[in-house]
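Q: Please walk me through one part of this model in detail. I would like to begin with a single residue, and then see how its surroundings fit into the whole.

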Amino acid sequence: MAITIRDLDQHYYMIEDLKKLTKSNVTTKALIQGGYLAVDLGKQLEAEMELRIKAEDELKQLKEKLTNYIESQRALFGAIN
């Protein structure tokens, strides 16, 4: 399979960084390991996004409860006075 690469300098530095990241001196091995890393990071990102959405929903519910409590407290104080 032939691959045409443009921006050779940019790709050279990316591949060198990838080799450092994967601790491999072989380009194809580094590219394959980089692909696996990308898939793993994608899965981690998806899991973190789900946790963030869940935390935001919980925060919204807590804010609503606090608002209801404060409004109820004000109504009670208003009824007493």
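A: Leucine 66 is part of helix α2, where helices (H or I, at least four residues) and strands (E, at least two) are DSSP runs numbered from the N terminus. This is a predicted model, in which local features need pLDDT of at least 70 and side-chain atom pairs count only at pLDDT 80 or more, while totals for chains, interfaces and linings use all residues. Residues are numbered from 1 along each chain as its sequence is written, and side-chain values use heavy atoms, with hydrogens and water left out.

Together with Tyr69 and Ile70, Leu66 makes a nonpolar patch on the surface, with a joint accessible area of about 300 Å². Patches take residues with over 30% relative accessible area and no salt bridge, joining like charges within 9 Å and nonpolar side chains (Val, Leu, Ile, Met, Phe, Trp, Tyr) within 5 Å. The areas come from the Shrake-Rupley method with a 1.4 Å probe, and for residues only the protein chains shown count as cover.

UniProt, in an unreviewed entry, places a "coiled-coil region" at residues 45-72; its positions are given in the numbering used here, feature names are shortened, and annotations may be inferred rather than shown by experiment. In the model, residues 45-72 are 100% helix and 0% strand, and the C-alpha atoms at the two ends are 40 Å apart.

Helix α2 also holds a charged pair: the side chains of arginine 52 and glutamate 56 meet in a salt bridge, 3.0 Å from N to O. The term means a side-chain nitrogen of Lys or Arg within 4 Å of a carboxyl oxygen of Asp or Glu. Because they are 4 residues apart in helix α2, arginine 52 and glutamate 56 are separated by about one helical turn. Arginine 52 is exposed at 53% relative accessibility, while glutamate 56 is partly exposed at 40%; buried means under 20% relative accessible area, exposed over 50%, and partly exposed in between (1.4 Å probe, protein chains only).

A search of the whole structure finds 2 salt bridges, and lysine 19 forms one with glutamate 16, where the closest N and O atoms are 3.7 Å apart. Here the residues are 3 apart in helix α1, so about one helical turn separates lysine 19 from glutamate 16. Lysine 19 is buried, with a relative accessible area of 16%, whereas glutamate 16 is partly exposed at 26%. Glutamate 16 also lies 8.4 Å from threonine 27, C-alpha to C-alpha, although 11 residues separate them in sequence.

That brings us to the loop. Serine 24 sits between α1 (8-22) and α2 (27-80) and is buried, with a relative accessible area of 6%. Setting aside residues up to four places away in sequence, serine 24 touches Lys19, Lys29, Ala30 and Gln33, a contact being heavy atoms within 4.5 Å. Lysine 23 belongs to the loop between α1 and α2 as well, but it is exposed at 77% relative accessibility. Its phi is positive, about 55°, although lysine 23 is not a glycine. For context, most residues other than glycine have a negative phi.

Now for the whole chain, which has 2 helices and 0 strands. Its radius of gyration is 27 Å, well over the 12 Å that the globule rule gives for 81 residues, so the chain is more spread out than a compact globule. The radius is taken over C-alpha atoms, and the rule is 2.2 Å times the number of residues to the power 0.38. Along the principal axes, the C-alpha atoms fill a box of roughly 80 × 25 × 20 Å. Buried residues make up 9% of the 81, and the accessible surface comes to about 7700 Å², with 59% belonging to carbon and sulfur atoms.
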